[in-house]
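Me: I have a structure to go through at the bench today. Could you help me read it?

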Amino acid sequence: MAGRKKGGRGEEKPVGESRHADAPESGFLQGLQTYGDRDFSIYMRRAFAKSQGFSGEELVRPVIGIAYTHSRYNPCHRHFPELLEAVKRGVASAGGLALEFPTISLHESTLAPNSMKFRNLMAMDTEEMIRAQPMDAVVLMGGCDKTVPAQLMAAASAGKPAIQLIGGPQMTSRHRQDRVGACTDCRKFWTKFRAGEIDAGEIEAVESRLVTTAGTCAVMGTASTMAVIAESLGMTLPGTAAIPAVHADRLRAAEATGVEAVRLIQSG
């Protein structure tokens, strides 16, 4: 019959009839590109996704985006690859598909003139990537001073279910009889050096002891304050703001955060 073709089970259907008439506007097929042909958009998206080894079964799961702020310029976040794997493990165990995506990463000591200049740029980057890419919910991985507020600003504007995973504070170290950590102790010892109370050899020794693990500054400074605020706002799992970056509980919190991200979708 002209203008008709056989369907998958022998039934006839009009040429050009949608292959995905009932495809949901959620999961991996939400926010399709506008090529003028919805089926073609779906076909192209799935084809490129399958080039990454995803199966058709994986591509119908709820999608959890992970805003990933790992950077070699950001020592506070150097443990994020391990945290990321824990988040993805949690998402998968809850039946979701975890897809991380990079965003701007901010660190005070490696940004000029300072990290505050770039906070709003990071917020815009994160918001637009949440909007532009298919995801049902997002995990925001952050920790440093301006990262957490930038991500919270982005999530509020993007309007998708969001949960934050704080990277956690560093462990303190020791220099001779002093327990030391970044920030406050940086200035304390530098003041002594400028005053001539300690010499160049000792300030160099201090430099190697101030920051000895991954994580944010271990004092009650901006990073810790932002972490506590995020938890108080209900944007992190309860009790997770102050878990040290290198503690096994931080990995367990990351996995639980992935599970919770899927639950957020299911809860409506």
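Me: Where is Phe40 found?
Reply: Happy to help! This is a predicted model, in which local features need pLDDT of at least 70, side-chain atom pairs count only at pLDDT 80 or more, and totals for chains, interfaces and linings use all residues. Numbering runs from 1 along each chain as its sequence is written, and side-chain values use heavy atoms, leaving out hydrogens and water. Helices (H or I, at least four residues) and strands (E, at least two) are DSSP runs, numbered from the N terminus. Phe40 is found in helix H1, residues 38-50.

Me: Is Phe40 buried, partly exposed or exposed?
Reply: Buried means under 20% relative accessible area and exposed over 50%, with partly exposed in between (1.4 Å probe, protein chains only). Phe40 has a relative accessible area of 36%, so this residue is partly exposed.

Me: And Lys146, in the loop between E5 and H4: buried or exposed?
Reply: Lys146 touches Leu106, Glu108, Ser115, Met116 and Arg119, not counting residues up to four places away in sequence; contact means heavy atoms within 4.5 Å. Its relative accessible area is 14%, so Lys146 is buried.

Me: Which element gives the most to the largest nonpolar core?
Reply: A nonpolar core is a set of buried Ala, Val, Leu, Ile, Met, Phe, Trp, Tyr and Cys residues joined through side-chain atoms within 4.5 Å. Of the 23 residues in the largest one, Ile130, Val138 and Leu140 touch the most other members. Elements giving two or more residues include strand E5 (137-142) and helix H4 (147-158). With four residues, the one that gives the most is H4.
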